Amino acid sequence: MRPSTFLSLIAGSAHVANAAPKPATGLRLIKTSPTDPGTWVTEDQKDSDFTAKGIRFVDITDITDAQTLRVLSTDPGSVSSQRAAVTYPTTITHQSVANPIVSQVSTTSPQSWLRTFTNFQTRHYRSTYGVEASTWLFSTVKSVAAANPAIVVTQFTHSSFSQKSVIARIPGSSSASLVVVGAHLDSTGGSTTAKGPGAEDDGSGCVVILEALRVLAAAKFAPQDTLEFHFYAGEEGGLLGSADVFQSYKTAGKTVLAMLNQDMAGYSPGGKLTVYTDYVDSSLTTYVTRVATAYIGAVSTSKCGYGCSDHASARSAGFPAAYVGDEPFDSSANFIHSPQDTYDKIQWTTILRHAKFMTAFLVEASFL
Ligand SMILES: [Zn+2]
């Protein structure tokens with residue numbers, strides 16, 4: 001969609017302008033739907049009054065980009081957030097490249113990584129434990145990436161909290177345009193100090209994309225487009241880390257061909273990868289479904305609502321985004337955001353399915 005069309009479609013939608021003026025100190029402005037003008041809350045209220053009650057939200061306190069704010073206040077059915085049209089393939093044609101790499105995927109490393117990752121008291125983005133977990137992940141991603149010296153691993157610093165996001169990049173051989181896969185590194189057990197192992201949410205997604213990085217690094221895979229692996233800080237605080245990352249990409253004028261979010265990948269009673277269809281780019285979602293079906297078989301579909309996870313940040317910033325989880329929303333793990341989200345709940349066949357899919361997706365999408 002051309003920008004002029006985009007702007008005309010979203011004109012007149014400015015619910016954020018109706019939010020109450022900013023109070024004196026320390027409060028955060030959160031939105032729970034496109035029409036919600038926003039509510040000022042304390043950081044602790046996010047946990048106690050929203051996350052604990054299963055109410056998802058986006059923290060818009062630091063979002064100043066008017067276009068991003070308009071998308072956040074626009075019903076997803078009425079506008080595409082895509083800035084630059086990407087034509088996705090209708091056939092899946094790179095199996096001969098992908099299959100040998102996909103065959104290297106295993107759960108050995110993910111089991112080891114998730115053990116350590118869930119042993120932190122919590123990975124809450126406002127806790128010192130959460131900072132330590134982010135630092136551990138940074139060094140672990142670096143050691144995995146070391147198999148291919150071309151890979152660059154960096155920390156992304158956020159201004160409103162001290163936990164850092166982690167980004168690994170495999171430079172493209174012919175394009176700086178980006179294919180991004182992401183998972184969030186933070187967790188919550190209900191407060192900054194409560195035990196929050198976050199095994200399923202979203203330690204599982206983190207070890208899935210880290211396993212994909214491991215096999216691609218070991219194969220010294222040289223993509224045409226640039227591949228990035230994002231581990232976001234502060235998702236449970238209202239998509240904070242991913243909002244900062246994608247706003248910076250927008251400001252820098254980067255091209256994102258596809259952003260695929262992997263939030264929860266280790267608990268699936270239904271046994272099928274689930275493609276989420278709301279607050280996403282529909283063309284990319286169709287392509288993701290094609291890749292998944294070709295490599296791992298039939299998928300389920302579901303919807304998860306406003307502010308559900310980090311794909312929403314990419315979408316709001318104008319980039320094509322999609323979201324895969326491990327199970328439809330209604331039957332997904334009911335023990336998340338609590339001390340019960342533990343390592344022993346993880347189904348390793350589910351992790352394996354997602355890691356194989358994610359590796360295949362990265363290879364296929366590297367030719368976009
Ligand atoms: Zn999550």
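1. Val152 counts as partly exposed because 13 C-beta neighbours lie inside 10 Å; a residue is buried with 20 or more other C-beta atoms within 10 Å of its own, exposed with 12 or fewer, and partly exposed in between, with C-beta atoms placed from the backbone. Val152 belongs to strand S4, residues 152-156. Its C-alpha is 14 Å from that of Ala176, and the two are 24 residues apart in sequence.

2. This is a predicted model, in which local features need pLDDT of at least 70, side-chain atom pairs count only at pLDDT 80 or more, and totals for chains, interfaces and linings use all residues. Residues are numbered from 1 along each chain as its sequence is written.

3. The protein has 11 helices and 11 strands; these are DSSP runs, helices being H or I of at least four residues and strands E of at least two, numbered from the N terminus. Of the 368 residues, 50% are buried.

4. The radius of gyration, taken over C-alpha atoms, is compared with a globule rule of 2.2 Å times the number of residues to the power 0.38. The protein has 19 Å, which agrees with the value near 21 Å for a compact globule of 368 residues. Its C-alpha atoms fill a box of roughly 55 × 50 × 40 Å along the principal axes.

5. Among contacts with a separation of 6 or more, 82% join residues 24 or more positions apart; a contact means C-beta atoms, placed from the backbone, within 7 Å.

Notes: Contact = placed C-beta atoms within 7 Å.
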